[in-house]
Amino acid sequence: RLGERVDVLTPVRGKGAAGHLWEQTALPVACGGRLLWTPGGGAPAFYGRQVVTIHDLFPIENPEWYSPAYARWYRFLLERLVARALHLITVSEYTRSRLVSRLGCDPERITVVPNGLTSGCVRVGEQAAGAARRELKLAPGRYVLSLSSLESRKNLRTILKAWALALPRLPADVWLVLAGPRADAAVYAREQLRADLPRVLFTGYVPDAHLAGLYSGASLFLFPSLAEGFGLPLLEAMACGLRSITSNTSSLPEVGGDVVTYVDPLDAAAMARQMEAELPRFAVPPVPFEPAMARARLFNWDRAAASTLETLERAACLLPAAAVAARSVPA
C-alpha cells in the first residue's frame, strides 16, 4: 500500500526566499519521479507527478490583501500547479468551485477533503478559562471574542465599526477581545485600525496552552471574515461550545451548518444587531452550546487522513509501478 511507502521531505530552512528556492529546485530532485503530495499549497511549479492541496485562491482573486510580490508569485505558481498536477485536493466545496470557475480546472480532477479539528481544542472548565484570562490580562467581566491575525481579509475594520454601533446598548462589563498575531508584512498588506474604542483589548499571539481556555471563557464568537478557504477558527469556537456570528460567504456555511448565525460581513449594523440579540445568553459562567459542539465533532482528522490517502492511491495508479510516494512538509 502507498501508506507504507512514504518519505517525508523537509527543508532545512523553510521560510521566505530560501524555502521557495528549496521547494522549486531541491524538492523535485529529491522526489526522483515519485508521487509528491504537498499539503500546504506551495509546490514545485513544473513537477507533474504530484497531488497538491490548495486551500484558497485569494492571492489571485484578492491581490490587494497581500504584498504585491507575494500576490504575483502565487498567481504564477497556482496557475501552473492547476495545469500540471495529477490531481488536486481542496479543503472545501467553496475552494473547489473557485478552481473550476476562476482557473478552468476540470472538477473531476479535484477532491474535497475538509480539515479536521485541532487537537486539544475542546471546551474546558472555569479553572482553565480563568488561567487564560490571567495570562492574557483580560479585564473582569464577559467578552465577545474574535480570533484572527491582523490582516485585511479578517475584516477587523468592520468588527470595530459594529462594536462602536453596539457599544451604547451593551452592559458595562462586556468587552471585545481581539486575539491573534500581527500580520507578516512580507505577505499581507498593511491594515490600519481604530485603536480609540472603549472596552476593546488586543491580546496579540495566544499560546496554544491557553487557546481552549480563551474560547471557553467567551460569551460569543464573532468571525465575519471576508473569505475563508475553510475557517478553522470558527470550527474551534464551535468545538469549545460557543455561539458564533460569522459571514454568509465563502466556505463558512459549510463549517457552521445550521448552528451559527450568518451576516453580510460588510454590514456593520447587522453585525451589531446580532451581538445585541445574543445578550440574553451572556451567562456567567458561559453556558456551552451543545449543538455547535456536536457539529464540530463531524470534522475529524482521521477521516481527512483516510480520504487523502485514498486520493493519493488513485493518483499513484497513474504512475509507473516503481514510483513511491514522497510528502513535502513545511519547516
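User: In this predicted model, which residues point one way from strand 2, and which the other way?

Analyst: The model is indeed predicted. From strand 2, which covers residues 35–38, L35 and W37 point one way, whereas L36 and T38 point the other way. As to their surroundings, all of these residues are buried.

User: With which strand does strand 2 pair, and in what sense?

Analyst: Strand 2 pairs with strand 3, residues 50–54, in the parallel sense, and three bridges join the two. One residue of strand 2 may serve as an example: W37 has V51 of strand 3 as its bridge partner.

User: How should I read a cavity, and how many of 30 Å³ or more does a search of the whole structure find?

Analyst: The general idea is that a probe the size of a water molecule, rolled over the atoms, shows where empty space is left. In this structure, the search finds one cavity of 30 Å³ or more. The volume of the largest cavity is about 30 Å³.

User: Which residues line the largest cavity?

Analyst: The lining consists of R133, L138, A139, R142, Y143, W175, V177 and L201. Strand 6 (142–147) and strand 7 (174–179) are the elements that give two or more residues to this lining. Sorted by class, the lining holds six nonpolar and two charged residues, and no polar ones.

User: I turn now to salt bridges. How many does the structure hold?

Analyst: The structure holds eleven salt bridges. In one of them, the side chains of K154 and E228 meet, with N to O at 2.8 Å.

User: Where do K154 and E228 lie, and which parts does the pair tie together?

Analyst: K154 lies in the loop between strand 6 and helix 6 (156–166), and E228 in the loop between strand 9 (220–223) and helix 8 (232–239), so the pair ties together parts that are 74 residues apart in sequence.

User: Is K154 buried or exposed, and is E228 buried or exposed?

Analyst: Buried means under 20% relative accessible area. K154 has a value of 9% and is therefore buried, and E228, at 5%, is buried as well.

User: What is the relative accessible area of E278, and what is that of R281?

Analyst: These two residues form a salt bridge whose closest N and O atoms are 2.9 Å apart. E278 is buried at 7%, while R281 is partly exposed at 43%.

User: How far apart are the closest N and O atoms in the salt bridge of R314 with E310?

Analyst: They are 3.6 Å apart. R314 and E310 are four residues apart in helix 12 (residues 301–316), so about one helical turn separates them. R314 counts as partly exposed, with 41% relative accessibility. Elsewhere, R75, E79 and R80 are joined into one network by salt bridges that share partners.

Definitions and conventions: Residues are numbered from 1 along each chain as its sequence is written. This is a predicted model: local features need pLDDT of at least 70, side-chain atom pairs count only at pLDDT 80 or more; totals for chains, interfaces and linings use all residues. Side-chain values use heavy atoms; hydrogens and water are left out. Buried means under 20% relative accessible area, exposed over 50%, partly exposed in between (1.4 Å probe, protein chains only). Two strands pair if DSSP finds at least two bridges between them. On a 1 Å grid over the protein atoms alone, a cavity is a set of points where a 1.4 Å probe fits but cannot get out, and a pocket is an open set with protein on both sides within 12 Å along at least five of seven lines; lining residues have an atom within 4 Å of a point. Grid points are joined across faces, edges and corners, and a volume is the space filled by probe spheres set on the points. Ala, Val, Leu, Ile, Met, Phe, Trp, Tyr, Cys and Pro count as nonpolar, Asp, Glu, Lys and Arg as charged, and the others, Gly among them, as polar. A salt bridge is a side-chain nitrogen of Lys or Arg within 4 Å of a carboxyl oxygen of Asp or Glu.
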